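Ready for some practice in reading a structure? Have a look at the model below, then work through the exercises one step at a time.

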Amino acid sequence: MAKILMINGSLNANGFNQQLLNKIKELIGNRAEVSLLDWTTVPFFIQTQEFPAPDAVAAVRQTVQAADAIWFVTPEYNYQIPGGLKNLTDWLSRSLDPANSRGESAIHGKITTVSAASSDGGSHVRPLLEDLLAFIRTQVIKENATGVAIKPANWATGVLEFSDDDIHKLNQQVETLLAKLA
Ligand SMILES: Cc1cc2nc3c(=O)[nH]c(=O)nc-3n(C[C@H](O)[C@H](O)[C@H](O)COP(=O)(O)O)c2cc1C
């Protein structure tokens, strides 16, 4: 069974993106093995500390390598990719071979896709993250990438509400990814 690794660009364990992630997991059901990457202890990237990689970096790289596909969910910060997530992708983008800076990274060639829960649905962050994922040599599926807007009432309750259209789009994104993995 295909392994889908979810990466949440927000470290809020009860946040809107975690709720989006939970919904995606529910929609995938038992059609794939879905897990969540714990990247909470990944340090800031320092080029002089790449080899040997810090333990937390080695651990996330190993988890990423074991996945068939990676599904990112992310908030949008100031129209950009959140700093923590960008830092994680910088670590994941780097060659594993100290003798070859252009060698394969842990994320090289992986199938990736992006969704976002953000005030406006992440219309800026989704294409930025997709471009970054293409640049670091992943196979980005852009079709049906879903943005879920946080409705004004959701801020008071902390609960992300999904419209019928949100669920329709998420289902399409799930089907597109599963078809690619089949
Ligand atoms: C520093 C900062 C900048 C933000 N900038 C944007 C933005 O540019 N566009 C947007 O839609 N939402 C923006 N927001 C709101 C976030 O989308 C919202 O806080 C986030 O989706 C919450 O996700 P979470 O609960 O998963 O952490 C911003 C929030 C913060 C904290």
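**Exercise 1.** Find out whether R137 is buried, partly exposed or exposed, and describe its backbone.

*Solution.* Start with the cut-offs: buried means under 20% relative accessible area, exposed over 50%, and partly exposed in between (1.4 Å probe, protein chains only). R137 counts as partly exposed because its relative accessibility is 40%. Next, place the residue: R137 sits in the loop between α4 (125–135) and β5 (139–141). Helices (H or I, at least four residues) and strands (E, at least two) are DSSP runs, numbered from the N terminus. Finally, check the backbone: R137 is not a glycine, yet its phi is positive, near 65°.

A word on the model: it is predicted, so local features need pLDDT of at least 70 and side-chain atom pairs count only at pLDDT 80 or more, while totals for chains, interfaces and linings use all residues. Residues are numbered from 1 along each chain as its sequence is written, and side-chain values use heavy atoms, with hydrogens and water left out.

**Exercise 2.** Work out which residues of α2 are buried and where they lie on the helix.

*Solution.* First, list them: in α2 (residues 55–65), A56, V57, V60, R61 and V64 are buried. They span an arc of only 135° around the axis (taken from the directions from the helix axis to the C-beta atoms), so they are on the same side of α2. Then turn the helix over: D55 and Q62, on the other side of α2, are exposed. Last, look for partners: the buried residues of α2 pack against β1 (3–8), β3 (69–74) and α3 (83–93), where contact means heavy atoms within 4.5 Å.

**Exercise 3.** Describe the surroundings of the ligand, beginning with the residues that come nearest.

*Solution.* Of the 16 residues around the ligand, the nearest are S10, F16, N78, Y79 and S118; a residue is near if one of its heavy atoms lies within 4 Å. Now look at polar contacts, which to the ligand are pairs of N or O atoms within 3.5 Å. The side chain of S10 has an N or O atom 2.6 Å from a ligand oxygen. F16 brings a backbone N or O atom to 2.8 Å from an oxygen atom of the ligand, and for a backbone N or O atom of S119 the distance is 3.2 Å.

**Exercise 4.** Where does N78 lie, and is this residue buried or exposed?

*Solution.* N78 belongs to the loop between β3 and α3. Its relative accessibility is 74%, so N78 counts as exposed. Although N78 is not a glycine, its phi is positive, about 50°.

Definitions and conventions:
A polar contact is a pair of N or O atoms within 3.5 Å; within protein, one must be able to donate a hydrogen and the other to accept it, and residues adjacent in sequence count only if both atoms are side-chain atoms.
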